Amino acid sequence: MRLKLGYIVLLLFLIGCSKTDTSVMTKESPKVLDEDKSWKISSIFKVDDYMLLGEQGKIGFIYNDQEVVRFYPGKKQKYMWHFWADTPQETQNLFGKKVKIVGVSKQTGEKVNVFEGSIGIPNTNIKDNDKAGKMPSTMTLPSKGLWRLEAYVDEKLFGSVVVEVH
């Protein structure tokens with residue numbers, strides 16, 4: 001009888017130890033983030049007369065890595081985002097859609113809401129302005145290091161841009 005009671009106590013102990021309380025976690029592990037996505041700073045590419053940082057033909061914002069436009073902790077800067085879908089028709093379907101930019105720190109896993117807005121309706125007075133969805137923004141990031149700016153269009157991840165905060 002004592003042996004059965006011992007097995008029951010051991011079984012209850014093992015079941016109790018196997019349950020993990022995940023509600024305490026508030027940040028993602030940087031190691032997990034590294035495995036999921038690349039943390040290489042995004043490329044700079046040219047569109048018309050502008051230099052953009054991001055993924056050519058998908059997502060980016062006007063940026064030329066000069067000191068005046070670089071990210072610095074707590075400094076608000078203006079940036080013009082550009083969005084391209086797979087086809088011109090799909091790109092035009094982006095106009096008017098809600099966008100949320102979420103920043104994720106490589107060093108700490110911290111997530112911050114960076115900006116919310118919507119992709120602007122093209123200005124028909126400007127030639128070829130309907131080739132990309134555009135959204136003006138004001139962004140700031142809280143600390144130095146690498147940050148991934150994840151762009152959600154209508155709550156679905158559209159793409160991301162990795163930046164360095166100096």
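Visitor: In this model, does Ser105 count as buried or exposed?
Guide: The model is predicted. Ser105 sits in strand β5, residues 98–105. Buried means under 20% relative accessible area. Ser105 has 1% relative accessibility, so Ser105 counts as buried.

Visitor: Which residue's backbone nitrogen lies 3.3 Å from a polar atom of the Ser105 side chain?
Guide: Ser105 belongs to β5. A polar atom of its side chain lies 3.3 Å from a backbone nitrogen, and that nitrogen belongs to Thr108.

Visitor: In what sense do β5 and β8 pair, and over how many bridges?
Guide: Strand β8 spans residues 145–153, and 8 of its 9 residues are buried. Val99 stands opposite Val153 of β8. The pairing of β5 with β8 is antiparallel, over 7 bridges.

Visitor: Which residue takes a positive phi in the hairpin of β8 and β9?
Guide: β8 also pairs with β9, residues 156–165, in the antiparallel sense over 9 bridges. Tyr152 has Leu157 of β9 as its bridge partner. Between the two strands of the hairpin are 2 residues. The positive phi, near 50 degrees, belongs to Asp154.

Visitor: How many residues does the largest nonpolar core have?
Guide: Among the residues with the most contacts inside this core are Phe61, Trp81, Ile101 and Leu149. Elements that give two or more residues to the core include β5, β8 and β9. The core's residue count is 28.

Visitor: Which residues of 163 to 166 does Phe71 contact, leaving aside its neighbours within four places in sequence?
Guide: Phe71 is one of the residues with the most contacts inside the largest nonpolar core. Its contacts include Phe61, Met139 and Leu149. They also include Val163, Glu164, Val165 and His166.

Methods. Residues numbered from 1 in each chain as written. Predicted model: local features only at pLDDT ≥ 70, side-chain atom pairs only at ≥ 80, totals over all residues. Heavy atoms only, no water. Helix = DSSP H or I, 4+ residues; strand = E, 2+ residues; numbered from the N terminus. Buried < 20%, exposed > 50% of the residue type's maximum accessible area, 1.4 Å probe, protein only. Polar contact = N/O pair within 3.5 Å; in protein donor to acceptor, adjacent residues only side chain to side chain. Pairing = 2+ DSSP bridges. Core = buried A, V, L, I, M, F, W, Y, C linked by side-chain atoms within 4.5 Å. Contact = heavy atoms within 4.5 Å.
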